[in-house]
Every structure is written in structure tokens, then in C-alpha cells.
Amino acid sequence: MSELLKKAREYEKEMKERVRTAERPVFHFSNPIGWMNDPNGFSEYQGEHHLFYQYYPYDIHWGPMHWGHAKSKDFVRWEYLEVALAPDEKYDGQGVFSGSALEDGEKQVLIYTGVEEKTAENGEKYAVQNQCIAVGNGTDYEKSVCNPVITGDLLPEGGSRTDFRDPKIWKEDGRYFTVAANRSADGSGQAVLFYSDDLEKWSFGSVLDQSENQVGEMWECPDFFALNDAHVLVVSPIGMYAEGLEFHNGNNVVFLIGKYEKETMHFTRTGIQNMDYGLDFYAAQTMQTNDGRRVMIAWMQSWDNPMYPEDFLWSAMMTFPRELKLREGRICQMPVRELENYRKSEVSYKDVCIEKPVELEGIRGRAVDMTLTVRGSEYRKFRMRAASDEKFYTEIIYDREDGVLTFDRTHSGHRKDTISTRSITVDQKKDLLKLRILMDLYSIEIFVNDGEKVMTSLIYTPAQAQGIVFESNGKAYLDVVKYDIEV
């Protein structure tokens with residue numbers, strides 16, 4: 001074990017005990033200490049779900065990247081494991097960047113981006129990114145003597161050696177495949193596919209898809225998988241322009257839906273779909289469970305619009321894991337079913353007429369799983385205030401006539417000039433709106449009409465703000481079922 005890895009493990013062990021359990025979210029994963037960003041290595045190994053993540057244990061801000069590590073039997077209760085990787089080799093000394101993991105017999109294979117600093121002839125420093133392998137047993141990992149195993153020499157002409165990262169690995173018909181992010185000759189993103197028979201010697205397969213400066217400037221964190229009779233390429237574009245309410249400025253995550261010819265490694269895109277419309281969502285990664293489900297998790301944060309308390313010893317959370325299903329050509333997302341095992345204290349109401357502001361007995365809290373069905377044609381706007389007290393609240397507003405749902409955390413308790421609102425169009429179904437809302441201590445995830453669209457956002461409202469208030473400007477009829485979540 002290198003001294004850098006040993007140091008990180010010892011520091012993590014000492015410092016994580018200083019974080020009070022009550023300070024953490026109830027059912028969303030948070031890192032033990034320091035900084036966390038992209039999920040990595042989200043996969044099965046020996047019957048358990050493993051999650052690695054970009055990690056800098058020594059500060060709540062980004063620093064030289066390590067890989068943190070945790071595992072779970074049910075996606076809800078997570079056990080912290082020791083730091084898996086540190087930037088302790090020449091080829092990854094500037095960071096062990098994002099990647100993925102694979103169960104391969106008794107072994108757990110990690111593939112990641114190693115960042116190496118080099119010096120040009122004029123003395124200027126620059127970074128190159130290559131893909132590296134480490135193999136282990138679920139807790140400890142040995143980096144391959146062949147590293148880096150996929151270098152920029154394998155890229156198509158014009159592919160950037162500096163922007164070449166985030167490999168996602170899988171095994172099919174006895175052969176290993178990985179798709180990685182790269183900046184193409186035209187300066188925008190592309191997803192490049194490689195294959196290998198032994199994890200050491202790799203060959204270029206194809207360019208699966210390209211932005212061509214239409215879908216952001218650079219693609220990060222690619223993922224590629226079959227879903228029903230389609231194939232899906234997930235990418236996280238940097239530098240997108242807003243397109244109405246469909247995409248927003250900056251960083252997005254998109255599903256590129258299409259058909260894949262395995263023999264020629266050719267992917268044909270037939271559609272594009274925004275993955276999440278909220279304020280805090282990036283770098284999604286999926287896994288296939290042993291029972292055949294496609295499950296996704298993502299970083300609940302924004303590079304351009306970060307929110308986290310400066311007095312915490314840890315910074316960042318993951319979304320609650322979601323099952324992906326293809327329904328009528330659209331990928332729908334809903335919380336994994338395991339959450340239902342942690343539901344307590346059911347409270348339900350049916351056909352409640354809402355006009356003036358009203359609080360319903362038993363409908364309150366900050367760790368809840370709640371489903372709302374709003375019906376009627378006599379109102380213009382329906383509002384729900386969550387995490388509410390005399391001073392703070394966050395609003396979910398539905399404009400029935402315009403078919404627009406808006407999330408607004410302006411009054412949630414932050415003091416900085418932070419982007420606080422985002423809106424989406426909603427498919428109106430006979431004057432009926434269905435929302436499933438997961439609210440944890442610091443976050444709200446809104447699943448619209450059985451997961452057709454999702455909005456994920458952070459709120460750092462004082463925990464004593466527990467109220468939930470409903471209001472409508474005209475008669476709206478509400479069904480509500482609320483559970484407390486106890487872990």
C-alpha cells in the first residue's frame with residue numbers, strides 16, 4: 001500500500017467520527033468527510049451494490065482526486081469502506097479521475113482515468129489523460145503493471161489527449177468493452193468505444209456518437225447499455241445552451257436513445273432526452289442489478305451553481321437510486337423499490353378540496369416519501385410549500401393553464417445569490433397531475449407523472465422547518481399519501 005493511500009485511509013477513519021449522524025441526510029448517500037463529486041464504479045460485486053466516487057478527503061472543496069468507496073445490500077443503508085485509490089503513480093499523480101467497475105469472476109476490476117502532468121519543450125506544464133486498470137477483492141486494489149492500458153495513441157485523428165476520460169466498462173461474449181469521453185477534432189464531445197480480450201491490450205472500436213457542437217462542448221461520464229429493444233448512450237455535456245425549458249445553460253445529462261449493431265460497433269441515434277430538469281444533478285452512472293434492473297445514481301450538485309454549508313466537514317450527496325424503464329419511447333425514472341421497506345407512519349387523504357392555504361394533520365416532515373394527485377379544471381395555479389415555517393419555505397408551483405411545473409427555493413434559507421428556480425412543461429392528462437416527492441433533510445426530488453420527468457434540487461433549510469402547506473387559486477382536488485422514511 002502506498003503512503004498516499006495509507007494517509008488517506010487513516011485521515012478518513014479519524015475524521016469521519018466527528019460528523020454527527022443527525023447532520024447527515026436520512027436516506028441519501030453522503031461522503032464520510034471532505035469533498036465528493038462523480039459516482040464511479042456503481043456495480044454489483046459478490047451480491048452487494050458497490051459505489052465508488054470522486055473524493056478529496058482533506059477539504060470540502062475539490063482537490064487531487066482519490067476514489068472513495070461504500071457498499072450496500074439495498075441501495076438505502078450504505079457501509080463506508082476504506083479509500084480505494086489514491087493518486088500515487090506517475091501516470092495518475094494529478095488525480096485518479098472518474099471510471100467504473102466490473103465483477104469478473106472472483107475479481108473486482110476498476111477502470112479509471114489517470115491524469116499525468118507533462119512538460120512541453122517550451123517549459124509549459126500540461127496534462128494528459130489515459131485509462132488505467134486496478135484489480136481487487138472488494139476492499140483493496142492493485143494497479144496494473146501495464147498502466148495506462150488505453151492511451152491517446154488509440155484515439156481517432158484529432159482526438160484530444162487532454163480531454164479523454166471517464167471510462168465505463170462492461171463484458172459481453174467474453175470480451176471487455178469500455179466507452180470513454182473525448183473531445184473530438186471539431187472541439188466538441190464524442191463517445192469513443194474500445195475493446196480488449198485481456199484487460200491489458202486494447203483496440204479502438206468506433207466513435208459511438210458525436211456532439212458536432214450541437215449537444216454541448218464536451219461530453220463527460222458516458223454510459224452505454226441496452227434497455228428493452230433500444231440502446232442508450234448517457235453523456236453529461238458541458239457548455240450547453242438553454243433550449244426553452246428542455247435544456248438549461250451549462251452542464252446537463254442526456255439520454256441518447258438509438259439502435260446498436262454489435263458486429264460493427266455502430267450506434268445510430270434516434271432520439272435525445274433530458275435526464276433531469278432540476279438545479280443539482282450531474283455525472284449519472286448506471287448499473288444492472290442481479291435481478292435485471294437498470295439502476296442509476298448521480299451527483300446531487302452543480303459545478304456552476306454549487307450549494308453546500310461551509311461549516312460542514314463533508315460536502316455533497318448522491319441522488320436516491322432510480323430504476324430506468326423505457327415506456328412509449330421515453331425513459332422513465334422512479335425510486336428503487338427498496339425504499340418502500342423504510343416507510344413508516346402512513347397518512348393519507350382523498351378528495352380534499354384545496355383553495356386557501358391549508359395544512360393537513362400528519363402531512364409534515366423532512367424525510368418523507370409522498371405522492372400527490374391533483375385534479376380539477378377550476379384552478380389556475382396549485383402550490384405546495386415544503387420545509388416550511390414562519391421564515392423559510394420551498395415552493396412547487398403548477399400552472400395548469402400553461403402546463404408548467406416550477407420549483408423555487410428562493411426562500412429556503414441560503415444567503416448567496418444562487419440560481420433558485422427552474423421550470424418544466426408537463427404532459428397534461430385530463431386535468432390530472434401526479435407527483436411523487438422524495439424529501440430528505442437537504443434535498444427534494446420530484447417525479448412527475450410516474451417518472452416521465454424528474455427535478456432534483458438541494459435545499460439547506462434549517463431542520464426545524466417541517467411544515468407542508470397546500471394552496472390553490474380556485475378549487476383543486478387533492479389525494480395525498482405520505483410516509484416518513486426511517487433508516
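This short talk goes through aromatic contacts, charges over rings and strand pairing in the structure above.

Before anything else, let me say that what we are looking at is a predicted model, and I would ask you to hear everything that follows in that light.

I will begin with the aromatic rings, of which the structure holds 28 pairs. One of them is formed by phenylalanine 29 and tyrosine 53, whose ring centres lie 5.4 Å apart with 55° between the planes, a tilted arrangement. These two residues come from distant parts of the chain, 24 residues apart, with phenylalanine 29 in the loop between helix H1 (3-15) and strand E1 (34-45), and tyrosine 53 in strand E2, residues 48-56. As for exposure, phenylalanine 29 counts as buried because its relative accessibility is 5%, and tyrosine 53, at 0%, counts as buried too.

A second pair I would like to show is that of phenylalanine 224 and tyrosine 260, which is edge-to-face, with 5.0 Å from centre to centre and 85° between the planes. Here again distant parts of the chain are linked, since phenylalanine 224 belongs to strand E13 (residues 218-227) and tyrosine 260 to strand E15 (residues 254-261), 36 residues apart. Phenylalanine 224 has a relative accessible area of 6% and is therefore buried, while tyrosine 260, with a relative accessibility of 16%, still falls under the 20% limit and so counts as buried.

Coming back to phenylalanine 29 and tyrosine 53, I should add that they take part in a cluster, in which ring pairs link Phe29, Tyr53, Tyr55, Trp78 and Tyr80.

Rings also meet charges in this model. The charged end of lysine 7 sits over the ring of tyrosine 58, at 5.1 Å from the ring centre, and in another place arginine 400 lies over the face of tyrosine 379, with 5.4 Å to the centre of that ring.

Let me turn, finally, to the strands, and in particular to strand E21, residues 322-327, which runs antiparallel to strand E18 (residues 294-300) and is joined to it by 2 bridges. Within this pairing, methionine 296 stands opposite arginine 322 of E21. Strand E21 also pairs with strand E22, residues 330-335, in the antiparallel sense and over 6 bridges, and there leucine 324 has glutamine 333 in E22 as its bridge partner. What does the backbone do in the hairpin of E21 and E22? There are 2 residues between these strands, and glutamate 328 takes a positive phi near 50° in this hairpin.

Conventions. Residues are numbered from 1 along each chain as its sequence is written. This is a predicted model: local features need pLDDT of at least 70, side-chain atom pairs count only at pLDDT 80 or more; totals for chains, interfaces and linings use all residues. Side-chain values use heavy atoms; hydrogens and water are left out. Rings of Phe, Tyr and Trp (its six-membered ring) pair if their centres lie within 6.5 Å; planes under 30 degrees apart count as stacked, over 60 as edge-to-face and the rest as tilted. Helices (H or I, at least four residues) and strands (E, at least two) are DSSP runs, numbered from the N terminus. Buried means under 20% relative accessible area, exposed over 50%, partly exposed in between (1.4 Å probe, protein chains only). A charge sits over a ring if NZ of Lys or CZ of Arg is within 6 Å of the ring centre and within 35 degrees of the ring normal. Two strands pair if DSSP finds at least two bridges between them.
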